[in-house]
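This report goes through one protein model with its ligand. It takes the ligand site, then the strands and the nonpolar cores, then some single residues.

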Amino acid sequence: MKIRYFDHAATTAVAEEVKDEMLPYFTENYGNASALYDLGKKSKEAINISRGRVARAINAKPNEIYFTSCGTESDNLILKGIAKAYRNKGNHIITSKIEHPAILNSCRSLEKEGVRVTYLNVDKNGFVDLRELEKAINKDTILISIMMANNEIGTIEPVQEIAEIAHINNVIFHTDAVQAIGNIKIDVKKLGIDAISMSAHKFYGPKGVGVLYVDENINFVPIQNGGHQEDDKRAGTENVAGIVGLGKAIEIANQGIEEYNNKLLNLRNYFLERIRVIPYTKINGDLDKRLSGNINISFLGVDNRDIMKELNKKGICVSAGSACSSGFIRTSHVLSAIGLSEGIARGTIRITFGRENTKEDIDYLVDILEETIKKLRIQN
Ligand code: PLP
């Protein structure tokens, strides 16, 4: 059966060109990047080429780029690293209620160590309220961490305005851009962002490799003890093939970002047009300031696990929420935060389009959805 994949916010397939660049680093250029002989130097060089590619993609400097093992690690490293480095300045962090668990659980862990955390509310479309943010800042605030784009409803937060508010108040601004990178052009200097978390597998790179940008004037303490890799900020032998893949993937993504967005927008509009055949649906999140490939839709009177079971039988991959909460029968914290009732949230799925999707795929998806929802509503 042909697989129709609509879960690009969960992960993406590695692009052919990315895989081709990675392959030699598994079997030929396998040297440890810390070794002093040529085989090791080849790995070191490859890492630095990747560092340059990431830096160029977001208008940063190569010395501001740190490779990690995933987006989750990048989030942990920056939150815990800044909390430690700036402890003498203050112990208050501001974030939002709709962040990824990598941020929320890092904050909860910091709270246990005496850090105070404010979790900002969001409105019905998932936007943080800038006035609430301003009011939350106090003399102890050291960091604001607000995601660039939400992984469930695709809402794009006003990061430039948030960065301005942070800087007026002498506070560091970090954004989790794991969903945004590859979809939104990011210029750290123009946007005024001090730190960014990213992850390769969301933009057609490999799994198990992430990256953290941190402005060179900002200090952070490593959370992992070991060797001197990554300028003493992230100990551990580097995942050279993964880093090479990440560098290639970010370069490709950045070069084609406009075309990619236009394609995804066309697919999304086509879906929205076609899905009208199904009554009693609700699209969640903002339709303008939203990731182009994201649809978050509630089907009233049905359970999303039943929908997914039926779609799976037909080779269709969608998500019941974010990747990290799939499998759990728990109302998504994002859908709760935008005020969705438990009943409506229960019938909600996330559809995220990507490079390989076509209009014909969407026709198939909508036809199966129509049939499935009709059947499930009769059964209920
Ligand atoms: N942050 C956001 C917004 C995400 O969507 C994800 C993954 O879904 C992560 C962080 C974690 O990234 P990783 O899967 O690389 O650990």
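Which residues come nearest to the ligand? Of the 13 residues around it, the nearest are T72, D176, Q179, S199 and K202. The model is a predicted one, and the values below are computed from its atoms.

## Ligand site

Three polar pairs describe how the ligand is held at short range. A nitrogen atom of the ligand lies 2.6 Å from an N or O atom in the side chain of D176. An oxygen atom of the ligand is 2.6 Å from a polar side-chain atom of K202. With G71 the pair involves the backbone: a polar backbone atom of this residue is 2.8 Å from a ligand oxygen. The ligand taken alone exposes 390 Å², and 91% of that is buried by the protein.

Which helix gives the largest share of the shell around the ligand? Helix α4, residues 71-85, does so with three residues.

## Strand β8 and its partners

Strand β8 spans residues 210-214, and five of its five residues are buried. The cover is on both faces: G210, L212 and V214 are buried on one side, V211 and Y213 on the other.

Which strands pair with β8? Strand β2, residues 65-68, is joined to β8 by four bridges, and the two run antiparallel. Strand β7, residues 195-199, also pairs with β8 in the antiparallel sense, over five bridges. L212 takes part in both pairings: L212 is the bridge partner of Y66 and also of S197.

## Strand β12 and the main core

Is strand β12 enclosed or open to the outside? Five of the five residues of β12, residues 348-352, are buried, so the strand is largely enclosed by the rest of the structure. T348, R350 and T352 are buried on one face, and I349 and I351 on the other. Strand β10, residues 294-299, runs antiparallel to β12 and is joined to it by five bridges. Within this pair, N296 stands opposite R350.

I351 of β12 leads into the nonpolar interior. The largest nonpolar core has 92 residues, and I351 is among those with the most contacts inside it, together with I144, F271, F299 and L369. Helix α10, residues 240-255, gives the most to this core, with nine residues. Another core lies apart from it, with 21 residues, including L77, L79, A83 and L110.

Leaving out residues up to four places away in sequence, I351 touches F6, F271, G293, N294, I295, I297, V318, L365 and L369. Two of these names, F271 and L369, also appear among the residues with the most contacts in the largest core.

## S96 in strand β3

S96 is found in strand β3, residues 92-96. Is S96 buried or exposed? Its relative accessible area is 1%, so S96 counts as buried.

The side chain of S96 has polar partners close by in sequence. It reaches the backbone nitrogen of I98 at 3.2 Å, and it makes a polar contact of 2.8 Å with the side chain of E99. Beyond four places in sequence, S96 touches L104, Y119, L120, V128, S145 and I146.

## A85 in helix α4

A85 lies in helix α4, the helix that gives the largest share of the ligand shell. Why does A85 count as partly exposed? The relative accessibility of A85 is 27%, and buried would require a value under 20%.

With residues up to four places away in sequence not counted, A85 touches N219, F220 and V221. A85 and V209 are 124 residues apart in sequence, and their C-alpha atoms are 25 Å apart in space.

## Positive phi in helix α9

Two residues of helix α9 have backbone angles to note. D231 is found in this helix, which covers residues 229-232, and has a positive phi of about 55° although it is not a glycine. D232 is also found in helix α9, and its phi is near 70°, again a positive value in a residue other than glycine.

How do these residues stand in terms of exposure? D231 is exposed, because its relative accessible area is 59%. D232 has a relative accessible area of 43% and is therefore partly exposed.

Technical notes. Residues are numbered from 1 along each chain as its sequence is written. This is a predicted model: local features need pLDDT of at least 70, side-chain atom pairs count only at pLDDT 80 or more; totals for chains, interfaces and linings use all residues. Side-chain values use heavy atoms; hydrogens and water are left out. A nonpolar core is a set of buried Ala, Val, Leu, Ile, Met, Phe, Trp, Tyr and Cys residues joined through side-chain atoms within 4.5 Å. Buried means under 20% relative accessible area, exposed over 50%, partly exposed in between (1.4 Å probe, protein chains only). Contact means heavy atoms within 4.5 Å. Two strands pair if DSSP finds at least two bridges between them. A residue is near a molecule or strand if one of its heavy atoms lies within 4 Å of it. A polar contact is a pair of N or O atoms within 3.5 Å; within protein, one must be able to donate a hydrogen and the other to accept it, and residues adjacent in sequence count only if both atoms are side-chain atoms. Accessible areas come from the Shrake-Rupley method with a 1.4 Å probe; for residues, only the protein chains shown count as cover.
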